Amino acid sequence: DVFNIYRFTVLMLVAGIVIIPLLATALGGFKSLGDLRTNAFALPTEWLFSNYWDILSGARLWQLLFNSMVIAFFTVFLTLAVAAMAGFVLAHIRFFGSRFLMAYFLIGLMFPEATAIIPLFIKVRDLGLLDTYWGVILPQVAFALGFSILLFRSFFRELPVELLDAAFVDGCGYMRFLWYVTLPLSRPILSTVGIFALVQSWNNFLLPLVMLNS
């Protein structure tokens, strides 16, 4: 009908808007620098397959890719581990200053990474972590914790309290309850936080640019 035709047309236009820049970028890799400047969106006048081959056959690309994978892996792992435990404590354990502590974590959401790059550089330098993986991993984990703890805390508070009561009756402590009961039920939030941390780490440019020199 007319509605389906209209919807299909709109979707095709949106798909074209998304695909055309990606296609132009991929085709640009086959062009010379002069051809790219004068003929950005058309087919290459001369196909230079060596552009891609030189990059893929060199060791530099794979070293950079390995660096990004190592940093992203440990960023995601540490973010999930620390945020899950902190979110569990703030969701289920009442103690003096718990609200203040949660507010302290949330304050970190107000400041972008760029505003803290100079004091962060000084601190990482003083710790001797410049030009190391940990000089990038630890700040990325710190910046990811506020939002991650908020998500974990909100999810854990929605779990039935009867599960915690039943676990205590059976002799479980908080750590066993977290490991054997809460985390197996938390795969959706683990996946969500993991994806956020992975994308944030993989897309990060400023922090590795400042912390990594060699």
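These questions and answers walk through a predicted model of one protein chain.

Reader: How many helices and how many strands does the chain have?
Author: Read along the sequence, the pattern of the chain is α-α-α-α-α-α-α-α-α-α-α. Put as a count, that gives eleven helices and zero strands.

Reader: Is the chain compact or spread out, judged by its radius of gyration?
Author: Along the principal axes, the C-alpha atoms fill a box of roughly 75 × 65 × 30 Å. For 214 residues the globule rule gives 17 Å, whereas the radius of gyration of this chain is 24 Å, well over that figure, so in comparison with a compact globule the chain is more spread out.

Reader: What percentage of the residues of the chain count as buried?
Author: A residue counts as buried when its relative accessible area is under 20%. Applied to the 214 residues of the chain, this gives a buried share of 28%.

Reader: Which helix supplies the largest share of the largest nonpolar core?
Author: This core has 32 residues, and those with the most contacts inside it are Ile149, Phe152, Phe156, Leu207 and Met211. Several helices supply at least two residues each, among them H4 (59-92), H7 (134-158) and H10 (187-203). The largest share, nine residues, comes from H4.

Reader: Phe156 has many contacts in that core, so is Phe156 buried or exposed, and what is its relative accessible area?
Author: Phe156 lies in helix H7. Leaving aside neighbours within four places in sequence, Phe156 is in contact with Ala84, Gly87, Phe88, Ala91, His92, Thr182 and Ser186. Because the cut-off for buried is under 20%, Phe156 counts as buried, with a relative accessible area of 0%.

Reader: How far apart in space are Phe156 and Gly87, C-alpha to C-alpha?
Author: Gly87 is one of the residues that Phe156 contacts. Although the two are 69 residues apart in sequence, the C-alpha distance between Phe156 and Gly87 is 7.5 Å or less, namely 7.4 Å.

Reader: Which residues does Phe121 touch, not counting residues up to four places away in sequence?
Author: Phe121 lies in helix H6, and with a relative accessible area of 28% it is partly exposed. Phe121 and Val210 are 89 residues apart in sequence, yet their C-alpha atoms are 7.5 Å apart in space. With residues up to four places away left out, Phe121 touches Leu130, Val210 and Met211.

Reader: Which residues does Phe196 touch, again not counting residues up to four places away in sequence?
Author: Phe196 is found in helix H10, and at 46% relative accessibility it counts as partly exposed. The C-alpha atoms of Phe196 and Gln63, which are 133 residues apart along the chain, are separated by 24 Å. Outside its sequence neighbours up to four places away, Phe196 touches Phe147 and Leu151.

Reader: What is phi of Asp131 near, in degrees?
Author: Asp131 is placed in the loop between H6 and H7, and at 32% relative accessibility it counts as partly exposed. Its phi is positive, in a residue other than glycine, and is near 60 degrees.

Reader: What percentage of the accessible surface belongs to carbon and sulfur atoms?
Author: The accessible surface of the chain comes to about 14,500 Å². The part of this surface that belongs to carbon and sulfur atoms is 73%.

Reader: How far apart are the mean positions of the positive and negative charges?
Author: The chain has 12 positive and 11 negative charges. When the mean position is taken for each kind of charge, the two lie apart by 7 Å.

Note on methods: Residues are numbered from 1 along each chain as its sequence is written. This is a predicted model: local features need pLDDT of at least 70, side-chain atom pairs count only at pLDDT 80 or more; totals for chains, interfaces and linings use all residues. Side-chain values use heavy atoms; hydrogens and water are left out. A nonpolar core is a set of buried Ala, Val, Leu, Ile, Met, Phe, Trp, Tyr and Cys residues joined through side-chain atoms within 4.5 Å. Buried means under 20% relative accessible area, exposed over 50%, partly exposed in between (1.4 Å probe, protein chains only). Helices (H or I, at least four residues) and strands (E, at least two) are DSSP runs, numbered from the N terminus. Contact means heavy atoms within 4.5 Å. The radius of gyration is taken over C-alpha atoms; the globule rule is 2.2 Å times the number of residues to the power 0.38. Accessible areas come from the Shrake-Rupley method with a 1.4 Å probe; for residues, only the protein chains shown count as cover. Lys and Arg count as positive and Asp and Glu as negative; His and the chain ends are not counted. The place of a charge is taken as NZ of Lys, CZ of Arg, CG of Asp or CD of Glu.
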